[in-house]
Amino acid sequence: MTEWQQDPRVKAPGKIALTLHKLGGLTMALLIRLSIQLRYWRAYRHADSALERGNLRLQRDFRLNFALSGDTAMRRFKFRCRYSRYYQLQLLRQILQQQAQTVFGREHGFADIESLRQYREQVQLQDYETLRPYIQRHLQGEADVLLQGKPCYYATTSGSTGEPKFIPVTRAQQQSAHQDAARLWGYSLQQNHPRAFAGKSLVIVSPAVEGHAPDGTPFGSISGQYIQDLDEAIKHKYLLPYAVYCIKDYDARYYTILRLGMAAADVSLVSSTNPSTLSLLAEKGVLWQDMLLDDLAHGGINSQFALEPEIRAVLLPLCQANPQRAAALRALQKQDPEQRLRPYHYWPQLAVIACWTGGNSAFFLQKMQQWYGQVHIKDLGFLASEIRGSIPLALDQSAGLLTIEDNFFEFARVNDVQQGDLNPEQRQYLLADELCTGERYYLYFSNIAGLYRYDLNDIIEVKGFHGTTPLIDFVQKGKGVTNITGEKIYEQQVLAAITVAQQQTSLHCVFFQCLASAPQGGYQLFAEFSQPPALQQLQHFAGAFEQALQQQNIEYRSKRLSQRLSAVQVHALASGTLEQFKRRRVAAGVREAQFKTVPLTADASLSTEFVIISSTAAKENQYVA
């Protein structure tokens, strides 16, 4: 493949750089081992009991495992980030060689591809629907179709057509793209804030196995599988036993998480992909606070919650009576101005929350922090069932380094894609080192598990670089753009208009969804407010939202001026709409941990079951300039 080396921009690491990198890693590993062994040798000598010595050994093993593997992985990753083009092309060649004899590889001539240009010519952009026929053959047990051999697992998620997606996962990918990437994320958190791992970690995920394909291959949640496969030296840091994630009843699972969580005062890290899940957990804690405190005082799990008998049997020994703890929490609840028991009451050592912060998740962070306090946030990165696309290395920011070791990335400028002047084959596709800080791009990737030039329909923004590798931030779904008559409204513009309307009124949204309604000739905003609004308040909010949306989007203002669009209608929704909407989505097959609100849509079916308590519209000529 001589053409791979002809690109003058491919900078390979030299022998001196490689040697220094290796020596630095060996030296640091030795220092880490000596430091941790010495610290625990001293503590071990002064231990008073066999139990204490056993706990010290567990702590030592955890720290050794975590620090040694984390430092090695981080050094390798950052080194490769200096030479992203070289390692990216190396990865692409590896993928093509490995998958050359698959059905997809033979159809697309993988064995004959000798350049990136040729790869792009022979393999068009793919999405799940174009790959579904190949995946269906794998699901029936056929090997060497989309990838070499067969998947060992499928990550499932909802599909755009209503049929679920089954994303192939290989054992090599489980190790590299899942466990190694998680190790990098965790090690960076340890470097950011050591107190995050001082106590227990309360992590909310979905079950690893939710069913089996026709050939018997399991499918479910990647995050659940990661928890299930944790090394014993690390697993003891996790508060919730795996059985909790297998509780099917929605409320029973939340109650059990809270029951076990309230008993542990030393929780230092809480993690769930969606911040709205953490807010809901806190609200449930208030709703059930009397039952929870009673269970904590007397032991057990309230019988009104439908736990599977075998799971209840596993968990009951962990739910011992602790009247002193219950009394202390009861006192904190009574001291609260609203007599609410909040997470910052029962987790005073909480140092970091791990969740999404990019895209529309940012809208829910403020509400979440009212429950948990002003703790640090560690973003989980650019995540989907198909990919772990970035690893944030800093606290309180959503941007993360592109996962160049696991995925071959290509990018196209947003304007090139959305203007529609060029078909996909004629667009300019860029590699990671060709991007520009502050610019937005559509992202495509190829991996070792059978996804080739895969289009997630996601828009990212470049926030900076480490070496030649970009720090990226998820902005929005590409389909989060609506267009009734040329106005092209973006999710980010709706989010900004909501923020302005809240600032200018006394109303605060718990949940909202903006519908582009072509039959109505305009936009409808469905919103659940923290308090039911008076009609005058709702009118004020509608006017403020209309004005802000016009300021955000000049084409929208132009279409309003020309009366091609009518004024925004705002519908106040009944209390509890968000939770009911989530329940319906989960019942329809969306995994709880993957549930996301839909800030902007043209799908009227998403709002058909909303209960509207009052409605108004901005004045037809309001704020049109």
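Select Arg85 first: at 5% relative accessibility it is buried (under 20% relative accessible area, with exposed meaning over 50% and partly exposed in between, for a 1.4 Å probe and protein chains only). This is a predicted model, in which local features need pLDDT of at least 70 and side-chain atom pairs count only at pLDDT 80 or more, while totals for chains, interfaces and linings use all residues. Residues are numbered from 1 along each chain as its sequence is written, and side-chain values use heavy atoms, leaving out hydrogens and water.

Add Glu434 to the selection. Its side chain meets that of Arg85 in a salt bridge, 3.4 Å from N to O (a side-chain nitrogen of Lys or Arg within 4 Å of a carboxyl oxygen of Asp or Glu). Arg85 lies in helix H3 (residues 84-98) and Glu434 in the loop between helix H17 (414-418) and strand E14 (440-446), so the pair ties together parts 349 residues apart in sequence. Helices (H or I, at least four residues) and strands (E, at least two) are DSSP runs numbered from the N terminus. Glu434 is partly exposed, at 24% relative accessibility.

Next, select Asp251 and Lys284, a salt bridge whose closest N and O atoms are 3.2 Å apart. Asp251 lies in helix H10 (residues 250-262) and Lys284 in helix H11 (residues 275-287), so this pair ties together parts 33 residues apart in sequence. Lys284 is buried, with a relative accessible area of 5%. Extend the selection to Glu579 and Arg583, which are linked with Asp251 and Lys284 in a network of salt bridges.

Last, select Asp336 and Arg342. Their side chains form a salt bridge at 2.8 Å, N to O, and both residues are buried. The whole structure holds 26 salt bridges.
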